[in-house]
Protein chains: 2
Amino acid sequence: MSNSTGLIATYQLTLSTEKATDANLQKLAEQIAVGQTIGTANAGEMEALQPYLAEVVSVTSHSNPLIKIGFPAETVKSDLGTLLAVVFGKISMGGQIRLVDLEIGPQLAERYAGPRFGMTGVRELTGAAEGPLLMSIFKPCLGVSAETLGEMFYTQALGGVNLVKDDEVLSDPDFESARYRLECCLQAADMATQETGQKTLYAINLTGPAEQLLHRARTLVQDGATAILFNYLCYGLPMLNALRQDPDITVPLVAHPALAGAFYGSPFHGVSPQVLFGTLPRLAGADLVLFPSPYGSVSLPMADAQAVSVALTHAGAGLKPAFPVPSAGIQAEMIPKILADFGSDVVINAGTGIYDHPIGAYNGVQAFVRTLSDSTAALTM
Amino acid sequence: MSNSTGLIATYQLTLSTEKATDANLQKLAEQIAVGQTIGTANAGEMEALQPYLAEVVSVTSHSNPLIKIGFPAETVKSDLGTLLAVVFGKISMGGQIRLVDLEIGPQLAERYAGPRFGMTGVRELTGAAEGPLLMSIFKPCLGVSAETLGEMFYTQALGGVNLVKDDEVLSDPDFESARYRLECCLQAADMATQETGQKTLYAINLTGPAEQLLHRARTLVQDGATAILFNYLCYGLPMLNALRQDPDITVPLVAHPALAGAFYGSPFHGVSPQVLFGTLPRLAGADLVLFPSPYGSVSLPMADAQAVSVALTHAGAGLKPAFPVPSAGIQAEMIPKILADFGSDVVINAGTGIYDHPIGAYNGVQAFVRTLSDSTAALTM
């Protein structure tokens, strides 16, 4: 990738055999490169437009042809909304076409900054220097008082989780409810820390009208928030980056995948899991990213889930690695398999797996903690 | 729909015959109603959680079963990000499931407000009291000077278009470039008005980091902007509503469909065109919505395109109607068909159809204006 290249996008096409000729694919690739940047132009104008024009990097013809297009940094570094419009705006509507990979160049890594904390920073904040982290969820969520959520938080923190997160549908029509919930959960966290010596972060769900999100996030951080949960696909990737770039929002950002199935569900359209849960939220600044695990009823194929994990953590991106959080349907007995599939730089995230424990959530957490401890010991023997 | 119901969502499932039994569908419907709102709960807690719980409205079993769920206003009126997370958050990842319809209740219509101008307001601003409006696009776009765009604007305005829009990939890393482009195009609009007596709105593309969008939009309006173009799916539906709700952003909002194919491309996943281009942007406040026409190479099936048009304009939604703008591949000779398919409350939007005219863009516009005039005369005979 040259210095002036902002990113290289890979598109997978699904074409009939007679359309998938080398000549036709090359023509399609050139149409994408022109159509997604300068639009149309006649020969006389091409010289002036050259710096803005994308270029065809490669065309691989087989049953699912792959086209790689390099976009100049100039056309994709303004902001992430523009990046999405350039890379997969009009062309997303061009039939059976899927954005399967994005390779980010150094100019974009610098521009969008990526995780503020990354895996190492989150480990420092939790005091968990090595091994997987454990995260739990409030269930039920809507209609439960802040005091009750605080009690649930205390039980889970005492049990030994490193992070507790809100449910993603928990909203705050009146922002004061978020501030009070935060207060109750921070008190619970402190009480548990006094007993266990361990820290438990609270990823409070940031919701509200778009024009209030940054103010709300800054206020929560001033109030002592230790992490923020954010439905980045519902509010838009650019807003995730706005949270990341704000100098006063100095807590880890936990990206939640709500709405993601609309993007990755079809194998012939949309955006691949590795781009949707990996490259894009890492670029925009998520420190942890939840995505469907390969184990539960809401699940990704194993290869996709592992590709997400690689996209979140690989070196050479010019960005700190973010924590993969394979989620949904996680039970304590799966931990050895999770570690085998994803390594130990991973967050074990359990909701019903904890709450449905026959003798309560505390014992639910403890079952996870014991299995984690055993599994990690087994790994290091 | 009861007063406390916020909206009714219709999901289309694609299931194997043995799974599509009435009993199984009813169970799935109840899982959606519980899972997307209160999460999980035991019987003892259900009374307190009742106001937040969605309810199964109907289950229609056939080859593509439809499930209708009513969500309490309480759970979806906080903000549009929360609405998306509740209605199609986790459940979007639950296999072959598509959000095909949304019926909006009066509480939500009031909360999110819908179009500020609507069709009638846009007609007043353009002075076009009846018949279709004509919109044109800058081609090429990237790398063209503001002065040249101003000249292109003048030619098109003189030709008789009611609106000129930026290309959706035209961004402004430095906001001053947008202000200068606006100045050049407003001058061109004024010059043309002096000659023709007609007004031409300029839908300038609003781009930038999320935290700057509202400030940029307010500044453009102060500078005299007459309309704003916005990639609402790239920046997020909540940001479109933030533009709508801002008291100082007093110009029509033109919603651009960039990225939309990722949502509607597969017939088994994602979001239907009528929800994606109709119900949602109308609710969030778009005055005009572009979507793929049924005519070009980037196209929707006719039934989908017409369903979008109905969702944008139907009475009874408690919202002003928004202008449908079927786009892509529009040529002058198609106008009679467009009017037959969409009626005369429509915007004819042409890019290459104007620029590729053998003797220049002015004559390209004139060809559209003449055909429009003839077609409208034919309709009123």
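# Helix packing in chain B, burial in chain A

Helices α8(B) and α9(B) run roughly parallel to each other, because the angle between them falls under 35 degrees. This is a predicted model, so read what follows as computed from predicted coordinates. Below we go through the helix contacts of chain B, then chain A as a whole, then a helix and two single residues.

**α8 against α9 in chain B**

- Helix α8 covers residues 175-196 of chain B and helix α9 covers residues 213-222 of chain B; the two pack at about 25°, and their axes are 10 Å apart.
- On the α8(B) side, the contact uses Phe175(B), Ala178(B), Arg179(B) and Leu182(B), while α9(B) brings in Arg216(B), Thr219(B) and Leu220(B).
- Sorted by class, that makes 4 nonpolar, 1 polar and 2 charged residues in the contact of α8(B) with α9(B).
- As for handedness, α8(B) passes α9(B) in a right-handed crossing.
- A handy reminder for reading such lists: an α-helix has 3.6 residues a turn, so residues three or four places apart point the same way.

**α9 against α11 in chain B**

- α9(B) also meets helix α11 (residues 237-245) of chain B, with the axes coming within 10 Å and crossing at roughly 40°.
- The crossing of α9(B) and α11(B) is right-handed.
- Here α9(B) puts in Leu213(B), Leu214(B) and Ala217(B), and α11(B) answers with Met239(B), Ala242(B) and Leu243(B).
- The class split for the contact of α9(B) with α11(B) is 6 nonpolar, no polar and no charged.

**Chain A overall**

- Chain A has 17 helices and 13 strands.
- Its radius of gyration is 22 Å, close to the 21 Å from the globule rule for 381 residues, so chain A is as compact as a globular protein of that length.
- Measure along the principal axes and the C-alpha trace of chain A spans about 75 × 45 × 35 Å.
- Of the 381 residues in chain A, 60% count as buried.
- Take the contacts in chain A with a separation of 6 or more: 74% of them come from residues 24 or more positions apart.

**Helix α6 of chain A**

- Helix α6 of chain A (residues 118-126) has these buried residues: Gly118(A), Met119(A), Gly121(A), Val122(A), Arg123(A) and Thr126(A).
- What do the buried residues of α6(A) pack against? They pack against four strands and a helix by name: β5 (133-137), β7 (201-205), β11 (288-292) and β12 (323-327), plus α14 (302-313), of chain A.
- Right after α6(A) comes Gly127(A), with a positive phi near 75°.

**Ala305 of chain A**

- Ala305(A) sits in helix α14 of chain A.
- Ala305(A) counts as buried because its relative accessibility is 0%.
- Skipping neighbours within four places in sequence, Ala305(A) is in contact with Phe291(A), Pro292(A), Pro294(A), Leu300(A) and Phe342(A).
- Ala305(A) and Leu253(A) are 52 residues apart along the chain, and their C-alpha atoms are separated by 20 Å.

**Ser344 of chain B**

- Ser344(B) lies in the loop between α15 (335-342) and β13 (347-350) of chain B.
- Is Ser344(B) buried, exposed or partly exposed? At 30% relative accessibility, Ser344(B) counts as partly exposed.
- Not counting residues up to four places away in sequence, Ser344(B) touches Arg123(B), Gly131(B), Pro132(B) and Leu339(B).
- The C-alpha atoms of Ser344(B) and Ile204(B), 140 residues apart along the chain, have 25 Å between them.

Notes
Residues numbered from 1 in each chain as written. Chains lettered and ligands numbered in written order. Predicted model: local features only at pLDDT ≥ 70, side-chain atom pairs only at ≥ 80, totals over all residues. Heavy atoms only, no water. Axes fitted to C-alpha atoms, helices over the stretch in contact; angles between N-to-C directions. Parallel < 35°, antiparallel > 145°, perpendicular 65-115°, else oblique. Left-handed = near helix turned anticlockwise from the far one by under 90°. Contact = heavy atoms within 4.5 Å. Nonpolar A, V, L, I, M, F, W, Y, C, P; charged D, E, K, R; others polar. Rg over C-alpha atoms; globule rule 2.2 N^0.38 Å. Buried < 20%, exposed > 50% of the residue type's maximum accessible area, 1.4 Å probe, protein only.
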